[in-house]
Amino acid sequence: MTEGPVADIGSTATTTDWAAWQESWDRQQEWYMPDREERFRIMLDMVEACVGTEPRVLDLACGTGSITARLLARFPGATSTGVDLDPALLTIARGTFAGDDRVTLVEADLKDPDWPARLPHGAYDAVLTATALHWLRTEPLEALYGQIAELVCHGGVFMNADHMVDDTTPRINAAESTLRHARGGRAQRAGALDWAEWWQLAAEDPVLAGPTARRFEIYGAHADGEMPSAAWHARVLREKGFGEARPVWCSPADTLLLALK
């Protein structure tokens with residue numbers, strides 16, 4: 001972490017500093033995505049531009065609720081449904097948003113064809129996701145995009161911020177990889193935790209140890225998904241029912257793709 005010793009994150013069985021866990025998660029994620037806050041800002045800019053400042057949002061594969069937290073800070077009149085399967089990250093999300101009636105959290109597997117039936121609403125102004133869908137292979141992702149198209153209102157938006165690899169540019173990809181690893185090294189020297197270290201800390205926490213163990217039973221250590229190009233995502237989203245789809249922001253490593261219903 002960049003601020004304070006690792007021990008400051010900890011919790012007891014009766015009290016947990018959820019804000020500290022959120023901060024720790026953010027710093028760990030920024031190890032891999034230094035432009036993460038910028039892409040969140042652009043995502044919310046486009047939410048406002050397309051569907052206004054009081055949207056009903058589905059935070060897809062919500063994790064700790066990173067998108068929801070930024071959504072509600074910027075648009076207090078918004079509401080959010082967060083859906084995820086990860087028991088540990090959902091525990092942090094539940095602790096963070098406890099008592100906030102603008103937020104509903106749903107435990108569901110996006111590979112289950114019936115997951116939309118668990119949602120409190122049948123339609124959303126915006127469906128938002130970040131750094132999550134690369135855990136899926138292309139066939140289940142295509143099916144998921146069809147379900148998302150049915151959930152988005154006419155005139156509503158879907159946005160996916162994630163790694164989208166273009167295999168036709170190997171030299172550019174190699175340069176980006178070198179840059180990303182150099183930035184990660186600087187973050188490590190500044191005290192940030194990497195993915196494995198963060199999860200080790202969660203496994204040692206009295207409140208998160210059980211959910212973390214269940215999480216690794218579900219997912220294992222690494223994603224088994226794929227990272228197709230932005231052009232692939234845009235094409236599939238149009239095929240599934242969106243009228244328009246294209247990137248609205250990118251960094252050397254990541255793309256924010258917007259599809260408009």
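The following exchange works through strands, core, loops and cavities of a predicted model.

Trainee: Which strand is joined to S7 by six bridges and forms a hairpin with S7?

Mentor: Strand S7 covers residues 255–260, and six bridges join it in the antiparallel sense to a strand made of residues 244–250. At one of these positions Cys250 stands opposite Thr255. The two strands form a hairpin with four residues between them, and the partner asked for is S6.

Trainee: Which residue of S7 stands opposite Asp162?

Mentor: Strand S5, residues 152–162, is joined to S7 by six bridges, and the two run antiparallel. Along this pairing Ala161 stands opposite Leu256. For Asp162, the residue opposite in S7 is Thr255.

Trainee: Is S7 largely enclosed or exposed?

Mentor: A residue counts as buried when its relative accessible area is under 20%. In S7, five of the six residues are buried, so the strand is, with respect to the rest of the structure, largely enclosed.

Trainee: How many residues of S5 are buried?

Mentor: S5 pairs with S7 through six antiparallel bridges, and six further bridges join S4 to S5 in the parallel sense. S5 is mostly covered, and of its eleven residues the number that are buried is eight.

Trainee: What is the bridge partner of Ala130 in S5?

Mentor: S4 spans residues 124–130 and runs parallel to S5, with six bridges between them. S4, H5 and S5 together make a right-handed β-α-β unit. Within S5, the residue that bridges to Ala130 is Ala161.

Trainee: Which helix belongs to the β-α-β unit that S2 and S3 make?

Mentor: Strand S2, residues 79–84, and strand S3, residues 103–107, pair in the parallel sense over five bridges, and Thr81 stands opposite Thr104 in S3. The unit is right-handed, and its helix, residues 87–97, is H4.

Trainee: Which element gives the most residues to the largest nonpolar core?

Mentor: The largest nonpolar core has 30 residues, and those with the most contacts inside it are Leu60 and Trp115. Two or more residues come from each of S1, S4, H5, S5, helix H9 (230–239) and S7. With six residues, the element that gives the most to this core is H5.

Trainee: Why does Thr131 count as buried?

Mentor: Thr131 lies in the loop between strand S4 and helix H5, residues 138–151. Its phi is near 50°, a positive value in a residue other than glycine, whereas most residues other than glycine have a negative phi. Thr131 counts as buried because its relative accessibility is 16%.

Trainee: What is the phi of Ala61 near?

Mentor: Ala61 lies in the loop between strand S1 (56–60) and helix H3 (66–74). Phi is positive here although the residue is not glycine, and the value is near 55°.

Trainee: What distance separates the C-alpha atoms of Leu208 and Thr91?

Mentor: Leu208 lies in the loop between helix H7 (195–203) and helix H8 (209–219), and it counts as buried because its relative accessibility is 0%. Leu208 and Thr91 are 117 residues apart along the chain, yet their C-alpha atoms are separated by 7.4 Å.

Trainee: Which helix gives the most to the lining of the largest cavity?

Mentor: The structure holds two cavities of 30 Å³ or more, and about 70 Å³ of space lies in the largest. Its lining includes Glu176, Leu179, Arg180 and Arg183, as well as Tyr32 and Pro34. By class, this lining has five nonpolar, one polar and five charged residues. With four residues, the helix that gives the most, residues 170–189, is H6.

Trainee: How many charged residues line the second largest cavity?

Mentor: About 40 Å³ of space lies in the second largest cavity. Among the residues that line it are Leu133, His134, Asn160, Asp162, Glu226 and His233. By class, the lining has four nonpolar and four polar residues, and the charged ones number two.

Definitions and conventions
Residues are numbered from 1 along each chain as its sequence is written. This is a predicted model: local features need pLDDT of at least 70, side-chain atom pairs count only at pLDDT 80 or more; totals for chains, interfaces and linings use all residues. Side-chain values use heavy atoms; hydrogens and water are left out. Buried means under 20% relative accessible area, exposed over 50%, partly exposed in between (1.4 Å probe, protein chains only). On a 1 Å grid over the protein atoms alone, a cavity is a set of points where a 1.4 Å probe fits but cannot get out, and a pocket is an open set with protein on both sides within 12 Å along at least five of seven lines; lining residues have an atom within 4 Å of a point. Grid points are joined across faces, edges and corners, and a volume is the space filled by probe spheres set on the points. Ala, Val, Leu, Ile, Met, Phe, Trp, Tyr, Cys and Pro count as nonpolar, Asp, Glu, Lys and Arg as charged, and the others, Gly among them, as polar. Two strands pair if DSSP finds at least two bridges between them. A crossover is right-handed if, with the strands pointing away from the viewer, the path from the first strand over the helix to the second runs clockwise. A nonpolar core is a set of buried Ala, Val, Leu, Ile, Met, Phe, Trp, Tyr and Cys residues joined through side-chain atoms within 4.5 Å.
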